[in-house]
Amino acid sequence: MVLDLSDLSKSFAGGAVRVLDGVSLSLAAGEVVALTGESGSGKSTLLHMAAGLEPVDSGAIRFEGRDLVAMTEAERAALRRSAIGIVFQQFNLIPSLNVAANLRFQARLAGREIADFDGLVASLSLQDQLAKYPEDLSGGQQQRVAIGRALAAAPRLLLADEPTGNLDETTGDGVFELLLSLARARNAGLLIATHSERLAAAADRRVHLSHGRITG
Amino acid sequence: MNAKTILTTLFVLCATPLGAQGFAGLGQAAEAYALPDPETRFTFPEDHGAHPEFRIEWWYVTANLTGEDGATYGVQWTLFRNALRPGGAPGDQVWMGHAGLATPQGHLFAERFARGGTGQAGVAPAPFAAWIDEWNMTGPDLNTITLTAQGASFRYDLDLAADRPFVPQGADGYSVKSAEGQASHYYSQPFYQVTGTLTFPDREVRVSGQGWLDREWSSQPLAGDQTGWDWISLHLESGEKLMGFQLRDTKGGTYTTGTWITANGTPEPLGTDALRLDEVATTEIGNRSLPTTWDVTLPAKGLEARITVTYPDSWMGTRIPYWEGPVAVTGSHKGVGYLEMSGY
Amino acid sequence: MNRAALAALLSHWRRRPFQLVTLILGLSLATALWSGVQAINAEARKSYGAAADVLGGGGLAELVRRDGGAISQADFVALRRAGWQVSPVIDGWIRGEAGRVRLLGVDPFTLPEGGSAGALAAGDMTGLLDGALFAHPSTAARLAEATAIDSLAPGIALADLDTAGTLLQTNGFTRLLISDTQPLTRPDLAEIAPDLRIETPETAEDLGRLTDSFHLNLTAFGLLSFAVGLFIVNGAVGLAFEQRRPVFRTLRALGLTAPRLVTFLVLELLLFALLAGILGILLGYLIAATLLPDVAATLRGLYGASVEGQLTLAPAWWLSGLAIACAGTALAAGGGLWRVARMTPLAPARPRAWAMASLNAFRWQLGAAAGCFLIAGAGWGIGGLLGGFTLLGGLLLAAALALPATLAAILSLAARSARAPLSEWFWADTRQQLPGLSLALMALLLALAANIGVGTMVSSFRATFTGWLDQRLVSELYVTLEDEADIPAFTAFMADKSEALLPIWEIEAEVLGAPAEIYGVADHPIYAENWPLLSAHPDTWARMARGEGLLINEQLARREALHPGDTLPLPGGFSMEINGIYSDYGNPIGQVVLPLDVLVARYDGIDRRDFGVLTGDRDLAALRTALIRDYGLPEENLIDQAALKSFSLSIFERTFAVTGALNILTLGVAGLAILTSLLTLAAMRLPQLAPLWALGLTRKDLARIELLRALILAALTFALALPLGLALAWVLLAVINVEAFGWRLPMFLFPGQWLWLFVLSLAAAALAALWPAWQMRRRPPADLIRVFTHER
């Protein structure tokens, strides 16, 4: 298993708001799991925890068998650099770097060369945008850059939090398909949060979150 | 606080407020100064010169003039000497000059100060010369003099000539100023015929008329409670002259006396109750109220005249301020003259 | 609606009290430094005015003798008798219990109105004629028999003409004041007193001009500090605006018009400006009151200008302080307000576009810098004090304006050569942050350059001054006799106890229409050995020994464009050839050195009580003891070389104490400016840093990077400030000093100082960056995560 979440719980506001309540979930290499649920059902929190960004109240997170919760911050950061790709709803590109630099950024942070940069660029249809800066791009283009950045480092796990949430339906569909096909092509596990049942249908498996619990 | 107010007090050597010791400090104690003596008789020309052993002295000329333009003018030329301390040393003398010119267009005046002993001011009896700065009263003798003075916007150059002797005032020149006996040595020359020129920035006016000189020296001319005086010198059409003054004291009383001078120059001293000076009307001048119309009564001479000031604005805004200007005489006698009012 | 909107806007400050403190602090500091300097300047100017009123009779023209000699009483009387309304003045120096005091003898009878005696009350005038001496309480304390009068100018004693004449042993008058009011007619001056000439009045302006450079120096510092303070305000206001962007947007969306929003913000700022203005004025008063004694000492030491060490403040000063606080706020917040006014209700944030637009603005600034540089060049061309300061100001402004573009160029160069992704990002990101930091960096540049420049000038001055003191102070012991009558006894006493006695005899006089000191120098080989001359005849000392010719100081030479070989007319109606010119640092007035015999033969009233003693290899301490115990000289009449040297140096240090204090203050304010700028950026940068964190950088990494960035920017700014500071020092030493003081100083370099300043500026930047970096380090992940989940 790439990712093993078992009995995860998380509260905010000193326990007043229970965001996750005993969630367990596994993800195999090359598997695409869609995480669905209402706004506030805990999808983002689950993803952030899986990335080691959000501390855990109770439960365990294992990445390829290694205990993520027990790691130091530096170890988690190193893991994120080299093995986990994250795609955000807000794209979160680095505004001071151009598209090419953004695409290469995480791979180079991880000290890795990109095997087929041109191929990646071509698959993202970003050939003509390489010298541009993020804010000069459309939303769809930005998200494609973010996907490319996440994939360039050859992660074993891809985490995508509403990657189409800020895009119109047509663009969103395109981005979603691209994400799925690229993840599968690279045999990375993909956990993708979305509230669109239509998109979720394209995943290998669907997990529905409601009030912090898996309901289906 | 400017130098003007300082010197007011400086000149009279008095740090106390005006009025506390008579007008302009003239009522201060005489200390070690020479005192007027009733037995003293004038000797000329020596007495035309200064008497530095006395505290205070003046050479005082007034003139009632008519211009070729028909206007009435009044001229005043005064040199005061004041001793800073007894002993008569030249360096202890302070000299002050006042020049006034009363005109229909307004009153013009100037004043000068000088430290004694430098030559900046002084008096020589024969040939006569009295001066302060460029102001001069010079002549071969005091009966034949030229008189000049100037300020920023006026100048006068006058020739004065008299053909009658000097007139002693009071008792043979011993002029009593109060019931307590304060007195001065005092003589006059009321018979000057005057001609000359008045110069203004834009014009000159030829003038002629009559002039009057007063010479007086003393060490304590006023009593301590006397606050000011009203003084007149009248040229009557009859050729007779009248000098009169009243000294006012803090309690509202007055000490009034004078001299009747016949046309040939014979003085007839008046008793203390012979002459009456009565205020008839007052005029506001600046923030002061001054009597500008007087009734003069001298029953012994059948005189019941009214004197009216010609220019009520004849205010001498000098460091020691007072009113001095020409007057017209009407009533039982007619004529012209000069009025001086101090302590208002 | 209005109330609700206002409450929404103001609630920001309740949630961020630190920001409010920064804003108020920056603004009050700016106001404080500005108004403090203004208060000092105003106080000094007022003192000059009072002094000039007394010295020059309140702006009256004067008559002086063409040959500089005394005017006779006969001339005065002749003028008065011709109608000239003039008043004599005797002007001289008397020795008080603690230093010399200027004595003015006046004639109360002819003194024009509104002049010196205007300050005296009636009773005092009587005292004047009785021989009294009047002086300001501070001056009266230095004289044995003076009466204190509050209304007189400090440093001057007033007496009657006769009293002054006796005290100064003179019969003539120094000058005649010409009254403004003159009679209708008077002859020409030439007809009465052809030896006299009319001199236009010595007014407050003259003294003002003399001390202008000093005040300009202070004002420049005040302005610099103010500008630096404004950078802080700009930072704080910018931050507040940035953080309230969502509130603005919401308010606008809810129907608040842009003009009304701006009005609210203006009201809010006005409130802060007034609050900070009042604080700043109080602070400024404190600064002024603290610095004024030093300033007063400087002005007295350098220019002989008397300034009271006490502060009295006019309402105008208070109001101007408030006004400058408001104006400063407007200046600092103008840009932010403009943006708010033009903001569309749902404007997306485009930080890079903003940065790029700013980089474009850098190019405009570069153009403006070129313009300033040209102006500086023109200033150099013009020459004079004004030209010198134009050069100085132009240079500083050009450098400040060129700084962002220069830094941007350096950073993009670095970015291009960067290989690692992190460093690539670091340089690119630093460059993008430049617009937000550029004002603070400009402030740092100016503060650093001013520090380097002024520091170099002061140190060069000190180095020159001490070297010069070492040479000039030839005698081991300096003695002041109680009375000139003691000279024979003293000479006899010293006959076997010293190698030589060197008279230091002196007289105050006017040379070429300005006050000067005339010294006599004995014929002794030690002068030729020890007295460095700037330019001289080859046989100067031989000529001096023969009683031919004289020496003048650099100040007099520069002022009158005199050279060796020229002839100098001296008071007393004779002239002598100039043998040489010597440097005379710290002396504002001209100095002439005559052969001693010539001095003694030509002048009366010489102060002959001072002697230098050459002890050779005799025991100095024993000689001191002998002089005190056996000869009976009071100990305070003796001063040895070392004491004199340290005394001179202490005067020197005091002179520059104010400069030093302002220097430190300015640097401190610049540090604060960097802090606020970084805080502003830190808050705005969270969205930019969060992704990096998500991509695998720890918060510690990010904090370290932020700290490094501040250090690198500070280091770069220092590197640019160094040549600028040295240029500044050169202008101060070679241009301003010559124009203002009349001497040129060699420039020395003090790398140790630079190192210290470099460390200091790094420390300031590190200190400023530490807080935001620490915040980043400690920031809860939730804050960073919020960036990914929240609407921006």
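**Exercise 1. A strand pair in chain C**

Which residue in S18(C) is the bridge partner of C:Val479? Place that pair in its sheet, keeping in mind that the model is predicted.

*Solution.* Begin with the two strands: strand S9 (residues 477-480) and strand S18 (residues 610-614) of chain C run antiparallel and are joined by four bridges. Within this pairing, C:Val479 has C:Phe611 in S18(C) as its bridge partner. Next, widen the view to the open sheet, in which four strands of chain C follow the order S10-S18-S9-S19 with antiparallel pairing. Strand S10 (500-503) and strand S19 (638-640) of chain C lie at the edges with a single partner strand each, so one side of each has no neighbour in the sheet. From one strand to the next, the twist averages 25°.

**Exercise 2. Alternation and pairing in chain B**

Work out which side chains of strand S20 of chain B point to the buried face, and trace the strands with which S20(B) pairs.

*Solution.* As a starting point, in a regular strand the side chains alternate between the two faces of the sheet. Strand S20 (residues 303-309) of chain B shows such alternation: B:Leu303, B:Ala305, B:Ile307 and B:Val309 point to one face and are buried, whereas B:Glu304, B:Arg306 and B:Thr308 point to the other face and are not buried.

Now take the pairing with strand S19 (residues 288-298) of chain B, which runs antiparallel to S20(B) and is joined to it by six bridges. In this pairing B:Thr308 of S20(B) is the bridge partner of B:Thr293. S19(B) and S20(B) form a hairpin with four residues between them, and B:Gly302 in the turn has a positive phi of about 65°.

Then turn to strand S22 (residues 322-331) of chain B, which pairs with S20(B) in the antiparallel sense over five bridges; here B:Val329 in S22(B) is the bridge partner of B:Ile307. For the setting of these strands, chain B has one helix and 23 strands, and buried residues make up 54% of its 344 residues.

**Exercise 3. Two packed helices in chain A**

Decide whether helices H3 and H5 of chain A are roughly parallel or roughly perpendicular, and describe their contact.

*Solution.* Two packed helices are described by the angle between their axes and the distance between the axes. For helix H3 (residues 99-109) and helix H5 (residues 139-152) of chain A, the angle is about 30° and the axes are 6 Å apart. Angles under 35 degrees count as roughly parallel, and H3(A) and H5(A) are therefore roughly parallel to each other. The crossing in which H3(A) passes H5(A) is right-handed.

As for the residues, H3(A) contributes A:Val99, A:Asn102, A:Leu103, A:Arg104, A:Phe105, A:Gln106 and A:Ala107, which meet A:Val145, A:Gly148, A:Arg149, A:Ala150 and A:Ala152 in H5(A). Sorted by class, this contact of H3(A) with H5(A) comprises seven nonpolar, three polar and two charged residues.

**Exercise 4. From helix H1 to the contact with chain C**

Establish how many residues of H1(A) are buried, and then say which elements of chain A give two or more residues to the side that touches chain C.

*Solution.* Eight of the eight residues of H1(A) are buried, so this helix is largely enclosed by the rest of the structure. Among them are A:Lys43, A:His48 and A:Met49. Just after H1(A), A:Gly52 takes a positive phi of about 80°.

The contact between the chains takes 29 residues from chain A and 24 residues from chain C. On the side of chain A that touches chain C, the elements giving two or more residues are helix H1 (43-50), helix H2 (73-83) and H3 of chain A. The residues of that side divide into 15 nonpolar, six polar and eight charged.

How values were computed
Residues numbered from 1 in each chain as written. Chains lettered and ligands numbered in written order. Predicted model: local features only at pLDDT ≥ 70, side-chain atom pairs only at ≥ 80, totals over all residues. Axes fitted to C-alpha atoms, helices over the stretch in contact; angles between N-to-C directions. Parallel < 35°, antiparallel > 145°, perpendicular 65-115°, else oblique. Left-handed = near helix turned anticlockwise from the far one by under 90°. Contact = placed C-beta atoms within 7 Å. Nonpolar A, V, L, I, M, F, W, Y, C, P; charged D, E, K, R; others polar. Buried ≥ 20, exposed ≤ 12 C-beta atoms within 10 Å, placed from the backbone. Pairing = 2+ DSSP bridges.
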